[in-house]
Amino acid sequence: MLTSVLVPNVASTLAGYRLQALRVEERQLLDEKRTLELQEATLLSPQRLENLAQGQNLVAPLPGRSCA
C-alpha cells in the first residue's frame, strides 16, 4: 500500500525536476540563439563586407557590365 502512494509522488517529483532542467536549458539555448543572430548580423553587415572587399582590392562592376 505504501509503495502505491510513494511511487506516483516520486515520479511526479522527478518529472518536476526534469521540467525545470528543460526550462533552464531552453533559456540557455535562446540566449545562445540571440548571440549567434547578433554575430551573424555583424558579420553580414554591408559596412563590414565593403571593408573586406576594399581590403582585397575588389571593386564594383561598371554599370552594364556583369561577370556572367
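This is a short chat about reading salt bridges and a surface patch in a predicted model.

Reader: Before we start, what are the ground rules for this predicted model?

Author: Local features need pLDDT of at least 70 and side-chain atom pairs count only at pLDDT 80 or more, while totals for chains, interfaces and linings use all residues. Residues are numbered from 1 along each chain as its sequence is written, and side-chain values use heavy atoms, with hydrogens and water left out.

Reader: OK, how many salt bridges does the structure hold?

Author: General idea: side chains of opposite charge can pair when their charged atoms come close. The cut-off here is a side-chain nitrogen of Lys or Arg within 4 Å of a carboxyl oxygen of Asp or Glu. This structure has two. Asp 31 pairs with Arg 34, with the closest N and O atoms 2.4 Å apart. Glu 37 pairs with Lys 33 at 3.9 Å, N to O.

Reader: Where do Asp 31 and Arg 34 lie?

Author: Both are in helix H1 (residues 2–43), three residues apart, about one turn. Helices are DSSP runs (H or I, at least four residues), numbered from the N terminus. Glu 37 and Lys 33 are four residues apart in H1, so about one helical turn separates them.

Reader: Is Asp 31 buried or partly exposed?

Author: Buried means under 20% relative accessible area, exposed over 50%, partly exposed in between (1.4 Å probe, protein chains only). Asp 31 has 42%, so Asp 31 is partly exposed. Lys 33 is partly exposed too, at 47%.

Note on methods: Helix = DSSP H or I, 4+ residues; strand = E, 2+ residues; numbered from the N terminus.
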